[in-house]
Amino acid sequence: MSQTTGNEPDLKEIDQSSQHYAQTEPYKVGLAPKQNLLKEFTSTLKETFFADEPLRHFKDQPRSRKLILGAQAVFPILKWGRDYNLKKLRGDLIAGLTIASLCIPQDIGYAKLAYLQPQYGLYSSFVPPLIYAFMGSSRDIAIGPVAVVSLLLGTMLSNEIDPSKNPDEYLRLALTATFFAGITQATLGIFRLGFLIDFLSHAAIVGFMAGAAITIALQQLKGFLGIKKFTKKTDIISVMQSVFGSAHHGWNWQTILIGASFLAFLLFAKYLGKRNKKLFWVPAIAPLISVILSTFFVYITRADKQGVQIVKHIEKGINPPSLDKIYFSGDYLVRGFRIGMVAGVIALTEAIAIGRTFASMKDYQIDGNKEMVALGAMNVVGSMTSCYVTTGSFSRSAVNYMSGCHTAVSNIVMSVVVLLTLLFITPLFKYTPNAILSSIIISAVLGLIDYEAAILIWKIDKFDFVACVGAFFGVTFASVEIGLLIAVSISFAKILLQVTRPRTAILGKIPRTSVYRNTQQYPEATRVPGLLIVRVDSAIYFSNSNYVKERILRWLTDEEEAVTKWNSPRIQFLIVEMSPVTDIDTSGIHALEELHSSLQKRDTQLVLANPGQVVIDKLHASGFPSLIGEDKIFLTVADAVLTCSPKLVEDA
């Protein structure tokens, strides 16, 4: 109910400047020149899909120059490559070698997370980074397999095909999903539909990532504890039952010793890197050092004979072609498309977020749609060269940034190192214990749990926090797909709630000014006797028009009750402040007509203040100004008040 005070303002208190202002003719609300339908449609289409004017560089350019600009738009390396020098090469070389030392052990572990052979993780850090280096616009993003997408793929693919019973069919479905993930990403970029991924709110992503991190870490208990028989379910209850159910006969103490020792080493290395930014290289090379030391330890002690599970054989050689393995017909085509579309959107969301983060830190711009095309192209090519879904990795990108990278050449350097590893070094990983890969993954995914962001979300927006928590518990207690579904559903629910239930506010006059603001935000703002000023903080559409009308009438009813209680002048004018109303449709105009009709029965006049261009055009097209009177539409609330106030005095 609205608040009123016993100290009702006297009309004589209006200051002299306001009286002088009232004597002048109120400025009329402007009407823009009429646009024809084609121009209006073209303008709306341009603002929706081409707000950044991607073709502005091509204006007034000769044909030869346009061809060069077109090539540079598709392959940004042709633009920044002209200014490349030895200083930049030095920074990119160091960064590339550093992220290569981090990615090699991670790739082997992430491939296992996706239920693929270890070499497929390495394949995915060879071809896709090369494609991205030529087509991507981010200088800092490091490309490769990531934990969340690997888990998502592994979970969804294993629901269709058992990877242990049908490894060949499983691989084919994984490559098919990768192909359609790339198609989805490229399509979103080509048709400039990147704004669709923004429907997954930041809060939902924070919760989803944290839940995925917990799930991934729990999945690694199989390798960390040396358990041979482990559940394929990902929810926390099933995993913990599997862990404790095998405690008496399934755990291997040598495996636990290796895993715990190196996990402590990795966490200590990360701690050093956070404490001293100059030691960023310590957590970057710690995984590779851990792999080398643990592999050497297992080899000389033959711990594999004591039950310590090892990687065993990693196939040697570069990526074999795999176009013939992709399903282009049959039942698995549809399944691969569905899985690929989900994985592609999640991978895209992560990559765009990472790219924007580091671009803002270095004060340069990335083109989101070009990024989508680049990511899509690298996954399509990757699916044809035995790679699974890749995207930007936050941990590697952070190391890339800290290492002093200048351009995407760091991805090329990393790719070359991975190539050399595939050609010459893979046999050396034979005795690498699975426990060390589990430790590397656990230490990597812990960074995905951003509790500080969750606390901030709680402080800022409780509904956002519900989305965050819902996504988190959906992933941890159900599955990755359920968590993702909850995240998307709550994000859409928030949008629907904001659209269908927009905020409204009662306005009062700030003392010694002609400014009118929300009386809840500014308690010192005073009401004008005989007037009720309401602001609508949203566009008025079919989805909320009835609510807006009823809410305004409820404000009026509350005010009339307060007026009766305080023996104040009755409400003769209802002023609707329409500055925040960006648009209105036929349902909205019909609601205003019904509001006007209801107010007439109460002997109250409807007044509008500052409707925008789109709104006033539609109101005039409907004839609404003629209904309420052209003189009842004002440029500002102050104009409306100063025009209506003398009428109140005359009627008194």
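A residue counts as buried when its relative accessible area is under 20%, as exposed when that area is over 50%, and as partly exposed in between. In this predicted model, F328 has a relative accessible area of 46% and is therefore partly exposed. F179, by contrast, is buried, because its relative accessibility is 11%.

These two residues belong to a wider set of ring contacts, since a search of the whole structure finds 12 aromatic pairs. In the pair made by F179 and F328, the ring centres are 5.5 Å apart and the planes meet at 85°, so the arrangement is edge-to-face. F179 sits in helix α9 (residues 167-190), while F328 belongs to the loop between α14 and α15 (331-362); the pair therefore ties together parts that are 149 residues apart in sequence. Another pair joins Y327 and Y332, whose ring centres are 5.1 Å apart and whose planes lie at 45°, so this one is tilted. Y327 is buried, with a relative accessible area of 8%, whereas Y332 is partly exposed at 23%. A single aromatic cluster is formed by F179, F180, F328 and F337.

Attention now turns to the helices, beginning with α14. Helix α14 covers residues 281-301, and at 1.5 Å a residue its 21 residues should span 30 Å; the end C-alpha atoms are indeed 30 Å apart, so expectation and model agree. Along the way, α14 bends by about 30° at P287. P287 is also one of the buried residues of this helix, which include V282, A284, A286 and S290 as well. Among the elements that cover the buried residues of α14 are α5 (86-113), α13 (253-275), α17 (394-402) and α19 (434-445). Just after the helix, R302 adopts a positive phi of about 50°.

Helix α12 (residues 236-245) offers a neat example of a helix with two sides. Its buried residues include S238, V239, S242 and V243. Because these residues cover an arc of only 135° around the axis, they lie on the same side of α12. This pattern fits a simple rule: an α-helix has 3.6 residues a turn, so residues three or four places apart point the same way. On the other side of α12, Q241, F244 and G245 are exposed. The cover over the buried residues of α12 includes α10 (202-219) and α11 (221-225).

At the level of the whole protein, the assignment gives domain 1 (78-312 + 319-492) and domain 2 (502-644). The C-alpha centres of domain 1 and domain 2 are 54 Å apart.

Conventions
Residues are numbered from 1 along each chain as its sequence is written. This is a predicted model: local features need pLDDT of at least 70, side-chain atom pairs count only at pLDDT 80 or more; totals for chains, interfaces and linings use all residues. Side-chain values use heavy atoms; hydrogens and water are left out. Helices (H or I, at least four residues) and strands (E, at least two) are DSSP runs, numbered from the N terminus. The expected span of a helix is 1.5 Å times one less than its number of residues. The bend at a residue is the angle between axes fitted to the seven residues ending there and the seven starting there. Buried means under 20% relative accessible area, exposed over 50%, partly exposed in between (1.4 Å probe, protein chains only). Contact means heavy atoms within 4.5 Å. The arc is that of the directions from the helix axis to the C-beta atoms. Domain bounds come from an automatic or database domain assignment. Rings of Phe, Tyr and Trp (its six-membered ring) pair if their centres lie within 6.5 Å; planes under 30 degrees apart count as stacked, over 60 as edge-to-face and the rest as tilted.
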